[in-house]
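I opened a fresh notebook page for this one. My plan was to go through rings, sheets, cores and odd backbone spots, and to jot down what turned up.

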Amino acid sequence: MWIPKLEHFHGPRYIAIADAIAESIAQGDLNDGDRLPTHRALADTLGVTVGTITRAYAEAERRGLVTARVGRGSFVTTPHAQGQRFMIQGEIEPDCVDLQLNLPIAHDRADALSQSMQELASDAVKMNRILSYQPDIGMPEHREAAAEWLGLTGLHTSADKLMITGGGQNAIMLTLMALTRPGDIILSEAITYPGFMAVTHQLGLRPQPVAMDEEGVMPSAFEDACKQFSPRVLYCTPSLQNPTNAIMSEARREAIAEIARRYHVWIIEDSVNANLLENAPPPLAEIAPDKVIYINSASKTLAAGIRVGWVVAPDEIHSQISNALRASQWMTSPLIAEICTRWIKSGLASQLLEEQKKELILRNQLMTEYLGAFNCRINPYSLHAWLELPEPWRSREFIQQAQRRNVKVIGEDNFIVAQYRAPQAIRLSSSSAWSQNHLERGLKILAELLLQEPEPSLSVF
């Protein structure tokens with residue numbers, strides 16, 4: 001338990017305790033995310049009243065050093081992490097390192113949003129316009145800004161080919177609504193994004209797995225599936241695939257596009273992670289704009305609460321997707337799309353993206369430090385890593401034993417399509433940790449666990 005030494009601090013006791021918290025943070029004795037002693041425990045140790053500790057913690061919170069959570073305790077917020085607001089599941093269990101969710105790294109967006117809203121509120125003409133009905137595919141200026149933003153991923157497109165949706169998940173749903181009917185067979189990577197599988201279940205589709213290697217979908221397996229199933233659609237994530245981190249080479253993308261043309265298969269390219277990747281190969285939609293529906297969103301790069309996504313579709317099916325959009329929600333909120341547009345035009349979006357990349361590099365360095373000796377696919381710019389477990393570990397046992405040590409991860413079962421035989425593996429979402437210190441604590445535990453034998457389970461005969 002942290003115990004402050006108050007001898008060299010002057011003034012009221014509660015001020016001295018707040019000063020001691022600040023000093024301990026500066027000296028590295030308290031780190032971001034550390035839980036402070038309870039009011040009663042620290043009061044008994046220091047021989048002061050509980051009210052004094054309450055005032056001390058309140059003063060520390062006023063200085064931005066502490067964050068209090070009702071019923072959960074008080075937690076250190078270091079200067080590096082000031083302004084970060086973590087509303088994730090891990091807050092419910094403050095002693096747990098939760099690496100389950102593929103979240104963008106939480107940074108303070110309050111000031112940026114507040115400024116944008118104030119600027120918009122002062123423009124009555126624009127405000128009244130965006131509060132009215134707009135075209136289902138989005139306002140022209142919003143689509144123009146989006147086309148500019150998507151250019152950073154290597155996609156050269158125009159506003160007339162683009163539609164604005166309520167996020168990437170919504171874009172997947174709308175595209176499948178437009179291209180498929182219940183009972184249709186649809187292809188995807190054998191290990192894929194669970195949100196895609198949720199949509200196929202909701203729409204009554206039958207997903208079939210396509211075998212993968214270190215680059216993702218294998219062309220030979222894709223062609224075999226086309227011959228066997230005559231599918232209408234292939235869903236894939238060519239850059240920083242979730243969960244395996246696979247990245248298709250340009251040659252692989254060209255091969256996949258050629259097969260899609262030959263067998264008349266539409267490709268849904270989920271590109272939500274592509275903005276994070278440096279020097280990425282050209283999008284599939286750039287290679288085969290006549291066969292690829294391109295999906296991107298602001299969720300993983302700008303802010304998860306900015307529920308704005310973008311679909312770029314070939315002319316042949318553009319109206320089908322826009323019809324699905326109009327039938328399901330009429331239009332994406334122009335108010336949110338306006339905020340996103342302002343961030344893109346002002347350069348703030350690029351700044352936020354760079355902040356995300358810099359933090360990911362540091363976190364993935366920790367991943368490499370602790371897990372690099374194992375069969376772990378780590379990319380400097382990825383939100384997650386994919387760890388294939390050494391023998392004799394099985395993912396279910398590993399997850400259970402990690403959880404007993406207060407570390408939460410998820411296994412390959414969450415990502416497998418149909419009955420595909422996948423390796424025993426877990427996904428580690430470094431981006432969901434509260435801080436680098438919090439992440440490091442979890443990685444140390446996992447690395448130690450990997451070097452151990454699984455604990456034997458009891459059997460009853």
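**Entry 1: aromatic rings**

I began with Y133, which counts as exposed at 69% relative accessibility. A caution to myself before going on: this is a predicted model.

I then searched the whole structure for aromatic pairs and got 4. One of them joins Y133 and W330: the ring centres are 6.0 Å apart and the planes stand at 80°, so I logged the pair as edge-to-face. Where do the two residues of this pair lie? Y133 is in the loop between α5 (124-130) and α6 (140-150), while W330 is in the loop between α12 (315-329) and α13 (334-346), so the pair ties together parts that are 197 residues apart in sequence. W330 has 41% relative accessibility and therefore counts as partly exposed.

Next I looked at W393 and F398. Their ring centres lie 5.2 Å apart with the planes at 85°, so this pair is edge-to-face too. Both W393 and F398 are buried.

I also checked for charges over rings. R55 lies over the face of Y14, at 3.9 Å from the ring centre. K291 sits over the face of W266, and here the distance to the ring centre is 4.2 Å.

**Entry 2: the sheet of 4 strands and α15**

F398 led me to helix α15 (residues 395-404), which lies across β16 and β17 and runs at about 45° to β17. I listed the buried residues of α15 as S395, F398, I399, Q401 and A402. What covers them? The cover includes β15 (407-408), β16, β17 and α16 (436-450).

The strands under discussion belong to an open sheet of 4, in the order β13-β14-β17-β16, with antiparallel pairing. β13 (376-377) and β16 (410-411) are the edge strands with a single partner each, so each has one side without a neighbour in the sheet. Between β16 and β17 (residues 425-428) I found 2 bridges, with the strands antiparallel. I410 has R427 of β17 as its bridge partner.

**Entry 3: the sheet of 7 strands**

A second sheet I traced is also open, with 7 strands in the order β4-β12-β11-β10-β9-β5-β6 and mixed pairing. β4 and β6 (206-210) stand at its edges with a single partner strand each, so one side of each has no neighbour in the sheet. From one strand to the next, the twist averages 25°.

I looked at β4 (residues 162-165) one side chain at a time. L162 and I164 point one way, M163 and T165 point the other way, and all are buried. A reminder for the margin: side chains in a regular strand alternate between the two faces of the sheet. β4 pairs with β12 (residues 309-312) in the antiparallel sense over 4 bridges, and W310 of β12 is the bridge partner of I164.

Which sense does the pairing of β5 (residues 185-189) and β9 (residues 233-236) have? The pairing is parallel, over 2 bridges. L187 has L234 of β9 as its bridge partner.

**Entry 4: nonpolar cores**

W310 and L234 came back when I turned to the cores. The largest nonpolar core has 53 residues, of which F222, L234 and W310 touch the most other members. I followed F222 outward, leaving out residues up to four places away in sequence: it touches L187, V210, V217, L234, I256, I259, A260 and V265. There is also a second, separate core of 27 residues, with I137, A178, L205 and V311 among them.

**Entry 5: backbone oddities**

Most residues other than glycine have a negative phi, and most peptide bonds are trans. I went looking for exceptions.

The peptide bond from N242 to P243 is cis, with omega near 20°, and P243 is placed in the loop between β9 and α10 (250-263). L240 is found in the loop between β9 and α10 as well. Its phi is positive, about 55°, although L240 is not a glycine. Is L240 buried or exposed? At 1% relative accessibility, L240 counts as buried.

Another cis bond runs from E391 to P392, with omega near 5°. P392 is in the loop between β14 (385-388) and α15.

After α15 comes N406, in the loop between α15 and β15. Its phi is near 65°, a positive value in a residue other than glycine. N406 has 38% relative accessibility, so I marked it partly exposed.

Conventions:
Residues numbered from 1 in each chain as written. Predicted model: local features only at pLDDT ≥ 70, side-chain atom pairs only at ≥ 80, totals over all residues. Heavy atoms only, no water. Phe/Tyr/Trp six-rings, centres within 6.5 Å; stacked < 30°, edge-to-face > 60°. Buried < 20%, exposed > 50% of the residue type's maximum accessible area, 1.4 Å probe, protein only. Lys NZ or Arg CZ within 6 Å of the ring centre and 35° of its normal. Pairing = 2+ DSSP bridges. Contact = heavy atoms within 4.5 Å. Axes fitted to C-alpha atoms, helices over the stretch in contact; angles between N-to-C directions. Core = buried A, V, L, I, M, F, W, Y, C linked by side-chain atoms within 4.5 Å.
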